[in-house]
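Colleague: Please give me a close look at how the charged side chains pair up here, and carry on into the packing behind them. Keep it brisk.

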Amino acid sequence: MAALPQGFLSRPARIEDVPAVAALEAEVFTDPWPAHLYVQEVGQPLRFQIVVDTDNGFLAGYLFACWQLDELHILKVATHPLHQGRGIATTMLAEARSEAEKASARAVVLEVRPSNRGAFRLYRRLGYNVIARRPRYYADGEDALLMYLPLAHPPGA
Ligand SMILES: CC(C)(COP(=O)(O)OP(=O)(O)OC[C@H]1O[C@@H](n2cnc3c(N)ncnc32)[C@H](O)[C@@H]1OP(=O)(O)O)[C@@H](O)C(=O)NCCC(=O)NCCS
């Protein structure tokens, strides 16, 4: 599995992380989730939620996902601008994939804006394929591309 760069550690998200997650969210997304949505998400069943910390305790990234039947749906993934391009999102997505494989999931699924070329390229590199386009999915009217990473299962599994 991809590894985090030295000095970064991933761990399950906790309620105390919400202010930092919401602050980073507001910095990197044009349509950020408000903090109360993260408060609702943390601690819900059927979730996979991780944060990446720097070794001096600052939030470097987060990934929030939920189970929808036998698919793990990535709701949010972000890396702090100071730490982008070093493999942090790649590693968080690899951890999500590994969690999905452990649960014998059918796939990992996510939506991305067609204009988000960097994220799109990252997902393609990790094996995600576009399987649908959701018209006017985002509040500003942009479509979403639905991307799907099928997971292989051993015969008979
Ligand atoms: C999209 C996003 C999550 C990517 O996070 P990231 O941690 O920078 O991603 P990675 O570092 O794993 O990969 C990004 C690029 O860095 C490259 N990279 C990975 N490890 C690297 C390393 N050690 N050294 C140099 N480059 C590296 C990757 O090859 C990748 O290149 P690519 O753009 O050609 O695919 C981040 O840009 C972000 O938070 N954007 C704002 C929020 C957002 O758009 N989220 C996704 C919504 S769908």
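Modeller: First, the term. A salt bridge here is a side-chain nitrogen of Lys or Arg within 4 Å of a carboxyl oxygen of Asp or Glu. Side chains of opposite charge can pair when their charged atoms come close. This is a predicted model, so read each distance as computed.

A search of the whole structure gives 13 salt bridges. One of them joins aspartate 17 to arginine 11, with N and O 2.7 Å apart. That value is within the 4 Å cut-off, so the pair counts. Aspartate 17 is buried, and arginine 11 is buried too.

Glutamate 25 and lysine 76 also form a salt bridge, at 2.7 Å from N to O. Glutamate 25 sits in helix 1 (residues 18-28), and lysine 76 sits in strand 4 (residues 71-79), so this pair ties together parts that are 51 residues apart in sequence. Buried or exposed, glutamate 25? Its relative accessible area is 0%, so glutamate 25 is buried. Lysine 76 comes in at 8%. The limit for buried is under 20%, so lysine 76 counts as buried as well.

Next, arginine 47 and glutamate 41. Their side chains meet in a salt bridge at 2.6 Å, N to O. Here the partners differ in burial: arginine 47 is partly exposed at 27%, whereas glutamate 41 is buried at 12%. Elsewhere, salt bridges with shared partners join Asp31, Arg113, Asp140 and Glu142 into one network.

Now the packing. In soluble globular proteins, nonpolar side chains tend to be buried together. The largest nonpolar core in this model has 30 residues. Leu63, Ile74, Val112, Tyr123 and Tyr128 touch the most other members. Many elements feed this core: strand 2 (47-54), strand 3 (59-68), strand 4, helix 3 (88-102), strand 5 (107-112), helix 4 and strand 7 (144-150) each supply at least two residues. Helix 3 gives the largest share, six residues. A second, separate core has eleven residues, including Tyr38, Val51, Leu59 and Phe64.

Stay with tyrosine 128 for a moment. Leaving aside residues up to four places away in sequence, tyrosine 128 touches Ile74, Leu93, Val108, Leu110, Tyr123, Met147, Tyr148 and Leu149.

Tyr123 takes us to helix 4. The buried residues of helix 4 are Ala119, Phe120, Leu122 and Tyr123. Seen down the helix axis, they fall within an arc of 160 degrees, so they line one face of helix 4. What covers them includes strand 4, helix 3, strand 5, strand 6 (129-134) and strand 7.

Charge returns on the other side of helix 4, where Arg121 and Arg125 are exposed. Arginine 125 has 56% relative accessibility. Exposed means over 50%, so arginine 125 qualifies. Arginine 125 lies in helix 4, which spans residues 117-125. From arginine 125 to threonine 90 is 35 residues in sequence, and 9.5 Å in space, C-alpha to C-alpha. Just after helix 4 comes glycine 127, with a positive phi of about 100 degrees.

Note on methods. Residues numbered from 1 in each chain as written. Predicted model: local features only at pLDDT ≥ 70, side-chain atom pairs only at ≥ 80, totals over all residues. Heavy atoms only, no water. Buried < 20%, exposed > 50% of the residue type's maximum accessible area, 1.4 Å probe, protein only. Helix = DSSP H or I, 4+ residues; strand = E, 2+ residues; numbered from the N terminus. Core = buried A, V, L, I, M, F, W, Y, C linked by side-chain atoms within 4.5 Å. Contact = heavy atoms within 4.5 Å. Arc of directions from axis to C-beta.
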